[in-house]
Amino acid sequence: MKYVSTRGQAPAVDSLQALLHGLAPDGGLYVPQGALEPLPPQADYRSTMVSLLARFFPEMEAKAREAAVASSLARFRSAEAVPLKAVAPGVHFLELFHGPTYAFKDVALTLLPHLLSYAAQARNAGEVCVLTATSGDTGSAAMEGFAGVPGTRVLTFYPQVGTSEIQRRQMVCCQGENVAACAIAGNFDDAQAAVKAAFADPALAERARAHGSLLSSANSINIGRLFPQICYYLECARKLAQPFDVVVPTGNFGNLLAAYFAKLLGAPIGRFTVASNANRVVCDFIQSGTYNARRDFHVTNSPSMDILVSSNVERLLWLLTGGDCAQVRAWEEQLKAEGAFTLTPAALEALHRDFASGWATPEETERAIADLWQRFGYLADPHTAIGWKVLQELPATGRPTVIAATASPWKFPATMLRALTGSAPADDFAAARALGELTGQTPELLALESAPIRFSQVTAKAAVPETIAASFGF
């Protein structure tokens with residue numbers, strides 16, 4: 001198995017090199033070279049994970065793959081790491097929030113640290129210094145996943161305004177001597193752009209090498225994030241044993257791209273639906289074929305989707321064009337220079353064969369939360385509720401639908417309580433207690449209220465390289 005860049009101007013690498021470097025030298029994202037053969041059906045979720053790692057990370061020893069999967073699954077609170085729950089007629093919710101930080105990012109980020117640690121030791125890469133940009137959930141999942149993992153260190157950048165208080169505290173209170181968090185004076189796109197620029201900074205790379213370190217990524221630009229997520233869509237295929245559709249609340253597009261890869265590997269998925277919030281750049285792209293990031297940024301009540309530049313769309317472009325790297329490179333250069341690009345007619349036709357989209361305002365999001373609770377007694381977080389709202393507006397296909405339930409409702413208690421009662425205290429922990437009383441459920445994550453805050457630094461976007469160097473001691 002070799003990996004190539006979506007932009008076609010970097011040499012092919014093996015899986016361990018792709019893991020370690022995250023981003024290709026030409027700025028593109030790594031994708032597997034050649035056609036994807038279906039993955040034979042497996043007996044259970046664990047077996048699917050092991051088999052998929054064997055397919056896409058063949059340089060990793062079998063015992064190491066088994067150990068990595070076992071370590072990952074041990075971090076989940078439920079017997080089934082990713083339970084599939086029938087909530088409404090023909091609608092199943094794939095609960096991806098039973099990991100240590102109560103969000104779908106845990107599925108990959110309890111596994112990625114072991115993959116990176118193995119790759120670093122196998123290639124004598126030295127200490128792996130992991131950079132992460134987060135809109136809310138990736139940062140805490142990366143910090144929890146890497147905490148205490150030998151040979152690794154993590155620095156997470158998160159937007160100073162926009163995350164929920166619980167999301168912020170999951171980062172700034174995280175334990176582990178090898179992890180750190182820093183707010184950035186800006187939004188997620190600022191954080192993501194700064195981290196990507198850091199990977200492209202030769203001076204910073206040289207400082208890392210001189211220190212015996214390697215910069216890597218825990219964002220979904222890294223294939224080690226993408227491929228573990230494919231497994232839970234393959235698990236849906238195993239459990240449902242019939243064709244089905246998916247609706248995925250998404251901002252950076254990685255979670256939906258994983259579903260698309262699952263189809264290429266044999267999952268009988270019919271329609272892929274993007275569910276967006278008011279930052280609906282991907283929703284509009286699916287409908288029109290024009291990706292236009294030249295628009296106002298909105299801080300919403302579904303903060304993990306407050307994104308305008310979605311990195312994983314680049315991998316989708318590569319797939320839609322049959323691996324036309326020159327075309328992908330031209331689109332990405334146009335996006336960087338002009339803030340927008342438009343698909344060719346052939347690419348748009350390919351997109352519309354499989355994809356649909358919809359979006360919700362903050363007010364519609366809260367109405368969808370209330371609707372699910374009142375009709376089915378199901379407490380869905382704001383992102384998942386947008387998936388439900390969008391599904392109601394789509395034409396029926398006759399297939400069952402899987403909605404990716406991407407986070408626990410207890411990460412957003414003020415929004416949840418306001419949706420159910422019309423008002424909520426500003427304090428997340430007071431809101432969580434009130435929500436527990438209202439629903440008869442036990443509030444989760446309350447321990448964060450008294451946890452000591454370890455990280456309080458705020459940096460400007462322009463100062464990110466120096467912040468990285470200082471944090472890692474380069």
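**Exercise 1. How far is the sulfur of Cys 231 from the closest cysteine sulfur, and in which residue is that sulfur?**

Before solving, a word on the material. This is a predicted model, where local features need pLDDT of at least 70 and side-chain atom pairs count only at pLDDT 80 or more, while totals for chains, interfaces and linings use all residues. Numbering starts from 1 along each chain as its sequence is written, and side-chain values use heavy atoms, leaving out hydrogens and water.

*Solution.*
- Step 1: the closest cysteine sulfur belongs to Cys 236 and lies 12 Å from that of Cys 231, too far for a bond. A disulfide here is a pair of cysteine sulfur atoms within 2.5 Å.
- Step 2: Cys 231 is buried, at 1% relative accessibility. Buried means under 20% relative accessible area, exposed over 50%, and partly exposed in between (1.4 Å probe, protein chains only).
- Step 3: searching the whole structure gives 0 disulfides. Cys 174 is in none, with the nearest cysteine sulfur, that of Cys 173, 9.0 Å away.
- Step 4: Cys 174 is buried as well, with a relative accessible area of 2%.

**Exercise 2. Find the largest nonpolar core and the helix that gives the most to it.**

*Solution.*
- Step 1: recall that a nonpolar core is a set of buried Ala, Val, Leu, Ile, Met, Phe, Trp, Tyr and Cys residues joined through side-chain atoms within 4.5 Å.
- Step 2: the largest one has 136 residues, and Leu 215, Phe 227, Tyr 233, Val 246 and Ile 468 have the most contacts inside it.
- Step 3: helix 10 (residues 223–240) gives the most, with 11 residues. Helices (H or I, at least four residues) and strands (E, at least two) are DSSP runs, numbered from the N terminus.
- Step 4: look at Ile 468. Leaving aside residues up to four places away in sequence, its partners include Leu 131, Phe 157 and Leu 215; contact means heavy atoms within 4.5 Å.

**Exercise 3. Trace the open sheet and the helix packed on it.**

*Solution.*
- Step 1: the 5 strands follow the order 9-6-7-8-16, with parallel pairing. Two strands pair if DSSP finds at least two bridges between them.
- Step 2: strand 9 (213–217) and strand 16 (458–459) are the edges, each pairing on one side only.
- Step 3: strand 6 (residues 127–133) and strand 7 (residues 152–159) run parallel, joined by 6 bridges. Val 128 stands opposite Thr 152 in strand 7.
- Step 4: helix 20 (residues 464–472) packs on this sheet, touching strand 6 and strand 7 among others.

How values were computed:
Axes are lines fitted to C-alpha atoms, for helices over the stretch in contact, and angles run from 0 to 180 degrees between N-to-C directions.
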